[in-house]
Amino acid sequence: MAIKLENVGIAVRNLEEAIAFFTDLGLTLIGRDTVSGEWTDTAVGLDGNHARIAMLQTPDGHGRLELFEYIHPDAIETDPTRPNEIGMHRVAFSVDDIDTALEIAAKHGCHPLRGVATYQDVYKLTYVRGPSGIIVMLAEELKKS
C-alpha cells in the first residue's frame with residue numbers, strides 16, 4: 001500500500017490571522033472553503049460541524065497546512081500546548097534565513113519560547129509560539145548540502 005502525508009490540520013481562533021502569519025513566512029494560500037453537512041459530520045466525527053477552512057502550501061509543493069476556524073460548534077479554548085505534552089506537538093519549517101523568519105514572526109506578535117539554538121553546527125533552530133498558540137519550529141540549515 002502506498003501512503004503519503006497529505007496535510008496537517010490545525011484549528012485556529014482566527015483564520016485570517018493564521019493565514020497572514022503563514023503566508024508572510026512564505027506559504028501560499030491555495031484554497032478556501034466553508035464546509036458543513038452530513039459528509040463533514042461523518043468525516044470529522046462531530047455533529048453540526050461547520051467551519052471555514054484554508055489550505056496553504058510550502059513553496060516546494062510538498063508540505064500543506066489545513067487551517068480550520070469553527071463556526072459550529074464553538075471552538076474550545078485550551079491552554080497552549082507545551083513542548084513536552086503528549087499529542088500534536090508542533091509544525092516545523094526549514095527556512096533560508098532564521099533571522100528574517102523571526103522578524104516576520106515578530107510582526108505578528110510571535111516570539112521564540114526561549115531563544116535560537118544551534119544543533120551540532122548543522123542547524124540554527126527555535127520554537128515560536130504562533131497564532132492561536134501553535135508551536136512552530138523554524139530551522140535554518142548551516143551546512144548546505
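**View 1. Thr40 and its surroundings in helix H2.** Setting aside the neighbours within four places in sequence, Thr40 touches Val35, Gly45 and Asn49. This predicted model places Thr40 in helix H2, which covers residues 38-44. With a relative accessible area of 2%, Thr40 counts as buried, because a residue is called buried when that value is under 20%. A further point of reference in this view is Ala51, which is 11 residues away from Thr40 in sequence and 9.5 Å away in space, taken from C-alpha to C-alpha.

**View 2. The whole protein chain, as a setting for the close-ups.** The protein chain holds 3 helices and 8 strands, and from its beginning to its end these elements follow one another in the pattern β-α-β-α-β-β-β-α-β-β-β. Along the principal axes, the C-alpha atoms occupy a box of roughly 50 × 35 × 30 Å. Of the 145 residues in the protein chain, 32% are buried, and the accessible surface amounts to about 9300 Å², with 51% of that area belonging to carbon and sulfur atoms. Among the contacts with a separation of 6 or more, 53% are made by residues that lie 24 or more positions apart. The side chains include 13 positive and 22 negative ones, and the centres of these two sets are 7 Å apart.

**View 3. The sheet made of S1, S4, S3 and S2.** In this open sheet, 4 strands lie side by side in the order S1-S4-S3-S2, and their pairing is mixed. Its edges are formed by strand S1, residues 8-11, and strand S2, residues 28-36, each of which pairs on one side only. From one strand to the next, the twist averages 20 degrees. The pairing of S1 with strand S4, residues 64-72, is parallel and consists of 4 bridges; within it, Val8 has Leu65 of S4 as its bridge partner.

**View 4. Helix H1 against the sheet of S1, S4, S3 and S2.** Helix H1, which spans residues 15-25, lies across S2, S4 and strand S3, the last of these covering residues 50-57. The helix runs at about 5 degrees to S3. Which residue at the end of H1 reappears in a later view, in contact with Ala101? Leu25, the last residue of H1, is listed among the contacts of Ala101.

**View 5. The sheet made of S5, S8, S7 and S6.** Here, too, 4 strands form an open sheet with mixed pairing, and their order is S5-S8-S7-S6. Strand S5, residues 91-94, and strand S6, residues 117-119, are the edge strands, and each of them pairs on one side only. On average, neighbouring strands of this sheet are turned by 30 degrees against each other when direction is ignored. At the S5 edge, 4 bridges connect S5 with strand S8, residues 135-141, and the two strands run parallel; in this pairing, Val91 stands opposite Val136 of S8.

**View 6. The two hairpins of S6, S7 and S8.** Strands S6 and S7 run antiparallel and are joined by 3 bridges, with Ala117 having Leu125 of S7 as its bridge partner. The hairpin of S6 and S7 leaves 3 residues between the strands, and Gln120 takes a positive phi near 45 degrees there. The pairing of S7 with S8 is likewise antiparallel and extends over 7 bridges, with Tyr123 standing opposite Glu141 of S8. In the hairpin of S7 and S8, 5 residues lie between the strands, and Ser132 takes a positive phi near 60 degrees.

**View 7. Helix H3 and the buried Ala101.** Helix H3, residues 98-107, lies across S8 and strand S7, residues 123-129, and runs at about 10 degrees to S7. Ala101 belongs to this helix. Is Ala101 buried or exposed? The relative accessibility of Ala101 is 5%, and Ala101 is therefore counted as buried, since the cut-off is under 20%. Apart from the neighbours within four places in sequence, Ala101 is in contact with Leu25, Val95 and Leu138. Ala101 and Leu138 are separated by 37 residues in sequence, whereas the distance in space between their C-alpha atoms is 7.7 Å.

Key
Residues numbered from 1 in each chain as written. Predicted model: local features only at pLDDT ≥ 70, side-chain atom pairs only at ≥ 80, totals over all residues. Heavy atoms only, no water. Pairing = 2+ DSSP bridges. Axes fitted to C-alpha atoms, helices over the stretch in contact; angles between N-to-C directions. Contact = heavy atoms within 4.5 Å. Buried < 20%, exposed > 50% of the residue type's maximum accessible area, 1.4 Å probe, protein only. Areas by Shrake-Rupley, 256 points an atom, 1.4 Å probe, with all protein chains shown as cover. Lys, Arg positive; Asp, Glu negative; His and termini not counted. Charge placed at Lys NZ, Arg CZ, Asp CG, Glu CD.
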